[in-house]
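Reader: I have a model open and some questions about its empty space and its rings. Can we go through it?

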Amino acid sequence: MSTDFSYTYLVDSRSIDLFQQCRPSALLGFLQEAATKASLTLNVSREEMIERHHAFWMLARIWYRLDRPLLGGEEVTIRTSYRFGKGASMYRDYALYIDGQQVGEAVSTWVLADIVEHKLLRLSSFPEFAAAASVATEAERQQRPLPRVRLPKEMALAGPRKMRYSDTDMNRHVNNTRYADFACDAVHLEELGQGKFVSSFQVDFLAECRAGETLELYTAQNEAGDVWYAKGADEGGQNRFDASLTLSDLPEGLPDRPWDKLF
């Protein structure tokens, strides 16, 4: 069975920000939904893995890069396939297209964990992946890695973020996409984003958060001024997520926005 999967999403009015660009959190949602749909075609969805193995998928980190912003009213086609890392990690690669032209790429790292103890499990122990893992080529293993975000040593306190009902999902914890909103809010993207777009974004998920908890958000900027960093730490000082985003100038020749598809 082929591991390739593609799906097309409309960047609708719920997905865009005040600059009429697709929010990072919305794009992460598209990527994660594509991964979920792909797992269904391979019969390794969350529900199927829980039923057969008492194991569930966890997203460990995700990164994307864009040549230009995704605009409101545009349709983006995401093509995705998985490849094997080592031990418990599986990579999923994505290519993003608009009108047949590639405009970006993404990589995510997923792990399978025991549903009770949340202990990570080796992919080779699952019959669904054992055969494919055994024939994975070295070239496949050497494709783009996804190391953790390297935060600066010094970061400034940006303020607290209380997590509430609206941040949660069916797993009873804060939805993965919401951490992108936390990071963008912490760096005040509403002020930084004029004439710019988020050309790359990465978030590492380090520990689950739940409604009622509070994170202290911290930020920093690189010397060149184009990369921002954000992290959220709990009351005990443990980092729950790390993130980085790159701001680039808007490229020339962006297409007119097809507003008629928005409403």
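Reader: Which residues lie nearest the centre of the largest cavity, and how many line it?

Author: A note before that: this is a predicted model. The largest cavity has 16 lining residues, and Gln21, Cys22, Pro24, Phe197 and Val198 lie nearest its centre.

Reader: Which elements give two or more residues to that lining?

Author: They are helix H1 (24-41), strand E2 (55-66) and strand E8 (196-205). E8 gives the most, with three residues.

Reader: What is the lining by class?

Author: For the largest cavity, 12 nonpolar, two polar and two charged residues.

Reader: How much space lies in it, and how many cavities of 30 Å³ or more does a search find?

Author: About 130 Å³ lies in the largest cavity. The search of the whole structure finds one cavity of 30 Å³ or more.

Reader: Pockets, then. How much space lies in the largest pocket?

Author: About 1000 Å³. The largest pocket is lined by 41 residues, with Gln32, Trp57, Leu59, Trp110 and Asn176 closest to its centre.

Reader: Which element gives the most to that lining?

Author: H1, with seven residues. At least two residues each come from H1, helix H2 (46-53), E2, E4 and strand E5 (101-114).

Reader: And by class, what does the lining of the largest pocket have?

Author: It has 22 nonpolar, 12 polar and seven charged residues.

Reader: Change of topic: strand E3. Why is it largely enclosed by the rest of the structure?

Author: E3 covers residues 75-84, and seven of those 10 residues are buried, so the rest of the structure largely encloses it.

Reader: Which strands do bridges join to E3?

Author: Strand E1 (residues 5-10) is joined to E3 by six bridges, and the two run antiparallel. Strand E4 (residues 89-98) is joined to E3 by eight bridges, also antiparallel.

Reader: Which residues stand opposite each other there?

Author: Between E1 and E3, leucine 10 stands opposite glutamate 75. Between E3 and E4, threonine 77 stands opposite tyrosine 97.

Reader: Does tyrosine 97 turn up again? What sits over its ring?

Author: The charged end of arginine 79 does, 4.4 Å from the ring centre. Elsewhere, lysine 37 lies over the face of tyrosine 7, at 4.6 Å from the centre of that ring.

Reader: What cluster is tyrosine 7 in?

Author: Ring pairs link Tyr7 with Phe5, Tyr9 and Phe30 into a cluster.

Reader: How many aromatic pairs does the whole structure have?

Author: The search finds eight. One of them is tyrosine 179 with phenylalanine 182: the ring centres are 5.6 Å apart and the planes are at 75°, so the pair is edge-to-face.

Reader: How far apart are those two in helix H5?

Author: Tyrosine 179 and phenylalanine 182 are three residues apart, which means about one helical turn between them.

Reader: What about tyrosine 179 and phenylalanine 241, why is that pair tilted?

Author: The planes of their rings are at 55°, so the pair counts as tilted, with the centres 5.3 Å apart. This pair links distant parts of the chain, 62 residues apart, since phenylalanine 241 is in strand E11 (residues 239-249).

Reader: Buried or exposed, those two?

Author: Both tyrosine 179 and phenylalanine 241 are buried.

Reader: And how many residues of H5 are buried?

Author: Eight of the nine residues in H5 (residues 178-186) are, so-called mostly covered. Among them are Arg178 and Asp181. Histidine 188 follows H5, and its phi is positive, near 60°.

Conventions. Residues are numbered from 1 along each chain as its sequence is written. This is a predicted model: local features need pLDDT of at least 70, side-chain atom pairs count only at pLDDT 80 or more; totals for chains, interfaces and linings use all residues. Side-chain values use heavy atoms; hydrogens and water are left out. Buried means under 20% relative accessible area, exposed over 50%, partly exposed in between (1.4 Å probe, protein chains only). Helices (H or I, at least four residues) and strands (E, at least two) are DSSP runs, numbered from the N terminus. Two strands pair if DSSP finds at least two bridges between them. On a 1 Å grid over the protein atoms alone, a cavity is a set of points where a 1.4 Å probe fits but cannot get out, and a pocket is an open set with protein on both sides within 12 Å along at least five of seven lines; lining residues have an atom within 4 Å of a point. Grid points are joined across faces, edges and corners, and a volume is the space filled by probe spheres set on the points. Ala, Val, Leu, Ile, Met, Phe, Trp, Tyr, Cys and Pro count as nonpolar, Asp, Glu, Lys and Arg as charged, and the others, Gly among them, as polar. Rings of Phe, Tyr and Trp (its six-membered ring) pair if their centres lie within 6.5 Å; planes under 30 degrees apart count as stacked, over 60 as edge-to-face and the rest as tilted. A charge sits over a ring if NZ of Lys or CZ of Arg is within 6 Å of the ring centre and within 35 degrees of the ring normal.
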